[in-house]
Amino acid sequence: SISYYNKGEILGVLLDLRIRQMTDGEKSLRDVLQWMNLHYAKQHRFFPDSQGVEEAAEAVAGKSFAEFFRDYVSGVKEIPYDEFFQFVGLRVVSQTVPVGSAGFTTTANLGGQPEVVQVDPNSNAHRAGIAAGDRVIAIDGEPADASLDDRLSQMLPGTTVKLRMENRKGQRDVKLHLGLRAQTTYKLQDVPSVSQEQRAHRRAWIAGDDESRGTP
C-alpha cells in the first residue's frame with residue numbers, strides 16, 4: 001500500500017534533489033517555496049495544487065518538470081531512488097530481516113487506542129479471535145498507544161504477550177504468541193566512490209543551502 005503522508009514527504013525530498021541536479025546546486029526546493037510565497041501567498045492567491053508546485057519548480061530551475069510530476073506525482077511509476085541520490089553520492093540499500101509478527105495491524109483512533117484494521121487469516125491472532133474493529137486497550141498491563149505495531153515488531157518471534165481487547169461486546173484478555181515475518185529495511189549509503197563534488201552537493205543539501213549563495 002501507499003501512504004500519501006510519507007509519499008508526499010519523499011517526493012518533496014526527491015524534487016529538491018532534482019532541482020539541485022538540474023541547476024548544478026544553484027537552486028533548491030527552498031527557492032520553489034520562496035517563489036510560491038511571492039507569487040501566491042503575498043498576492044493573496046491559492047496555488048492550484050500539484051500544477052502550482054510544478055509551475056514554481058519550472059520557474060525556478062528554468063527546466064521542464066512535466067516528466068517528474070507525470071511519473072511520480074500523478075502516476076505510480078516506480079521511483080528510481082539511486083538516480084536521484086547519485087547527485088549527492090548516495091544510494092539506497094535494502095535488507096530483509098526476520099521480526100516478530102502479531103498477525104494484525106492497527107491504526108490509532110481519536111481516543112489514542114490502537115484499533116485493529118486487518119488480521120492475517122493464517123495467524124495466531126486470527127485463531128485467538130482477534131478481528132477488525134477490536135481495540136487494543138493494553139499490552140502486558142501497560143496502556144497501548146499508536147506505537148503498538150512498532151513495539152510488537154521489535155519483539156522476538158515466539159514471545160507471548162497479554163493483550164486487553166475491547167469491542168462492542170466488552171473487554172477480554174488475549175494471550176498471543178508472536179509469529180515470524182520478513183521485514184525489509186532501507187538505508188542510505190555512500191556510492192562506491194564519492195567525488196568531492198558530490199560531497200559538496202551533499203553538504204549543501206543537508207544544510208538546506210543553495211550552493212551559489214548559502215543560507216539567506
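**Figure 1. The largest nonpolar core, with Phe65 and Phe68 as its best-connected members.** This core has 24 residues, and Phe65 and Phe68 touch the most other members. A nonpolar core here is a set of buried Ala, Val, Leu, Ile, Met, Phe, Trp, Tyr and Cys residues joined through side-chain atoms within 4.5 Å. "Buried" means under 20% relative accessible area, "exposed" means over 50%, and "partly exposed" is in between (1.4 Å probe, protein chains only). Helix 1, helix 2, helix 3, helix 4 and helix 5 each supply at least two residues of the core, and helix 1 gives the most, with five. Helices (H or I, at least four residues) and strands (E, at least two) are DSSP runs, numbered from the N terminus. Who does Phe65 touch, if we leave aside its neighbours within four places in sequence? Phe65 is in contact with Leu15, Arg18, Ile19, Met22, Glu54, Ala57 and Glu58, where contact means heavy atoms within 4.5 Å. Apart from this core lies another one, of 18 residues, including Ile130, Val161, Leu176 and Leu178.

A quick note for all the views: this is a predicted model, so local features need pLDDT of at least 70 and side-chain atom pairs count only at pLDDT 80 or more, while totals for chains, interfaces and linings use all residues. Residues are numbered from 1 along each chain as its sequence is written, and side-chain values use heavy atoms, with hydrogens and water left out.

**Figure 2. Helix 1 and what its buried residues pack against.** Helix 1 covers residues 4-22, and its 19 residues should span 27 Å at 1.5 Å a residue (the expected span is 1.5 Å times one less than the number of residues). The end C-alpha atoms are 26 Å apart, which agrees. Which residues of helix 1 are buried? They are Lys7, Leu11, Leu14, Leu15, Asp16, Leu17, Arg18, Ile19 and Arg20. These buried residues pack against helix 2 (29-39), helix 3 (49-61), helix 4, helix 5 (81-85) and helix 8 (196-207). Just after helix 1, look for Asp24, which takes a positive phi of about 55°.

**Figure 3. A salt bridge inside helix 1, between Arg20 and Asp16.** The closest N and O atoms of this pair are 3.1 Å apart. To count as a salt bridge, a side-chain nitrogen of Lys or Arg has to be within 4 Å of a carboxyl oxygen of Asp or Glu. Arg20 and Asp16 are four residues apart in helix 1, so about one helical turn separates them. An α-helix has 3.6 residues a turn, so residues three or four places apart point the same way. Buried or exposed? Arg20 is buried, at 1% relative accessible area, and Asp16 is buried too, at 10%.

**Figure 4. Salt bridges elsewhere in the model, including Asp190 with Arg202.** A search of the whole structure finds ten salt bridges. In the pair Asp190 and Arg202, the closest N and O atoms are 2.9 Å apart. Asp190 sits in strand 8 (residues 179-190) and Arg202 in helix 8, so the pair ties together parts that are twelve residues apart in sequence. Asp190 is partly exposed, at 35%, whereas Arg202 is buried, at 15%. Glu142 and Arg151 also meet in a salt bridge, at 3.3 Å from N to O. Glu142 is partly exposed, with 44% relative accessible area, and so is Arg151, with 28%. Arg70, Asp71 and Lys77 are linked in a network of salt bridges.

**Figure 5. Aromatic rings that pair up, among them Trp35 with Tyr40.** Rings of Phe, Tyr and Trp (its six-membered ring) pair if their centres lie within 6.5 Å; planes under 30 degrees apart are stacked, over 60 are edge-to-face and the rest are tilted. By this rule there are seven aromatic pairs. Trp35 and Tyr40 are edge-to-face, 6.2 Å centre to centre with 70° between the planes. Trp35 is buried, at 19% relative accessibility, and Tyr40 is buried at 4%. Phe68 and Tyr72 are edge-to-face as well, at 5.6 Å and 75°. These two are four residues apart in helix 4 (residues 66-74), so they are separated by about one helical turn. Ring pairs also link Phe68, Phe69, Tyr72 and Phe84 into a cluster.
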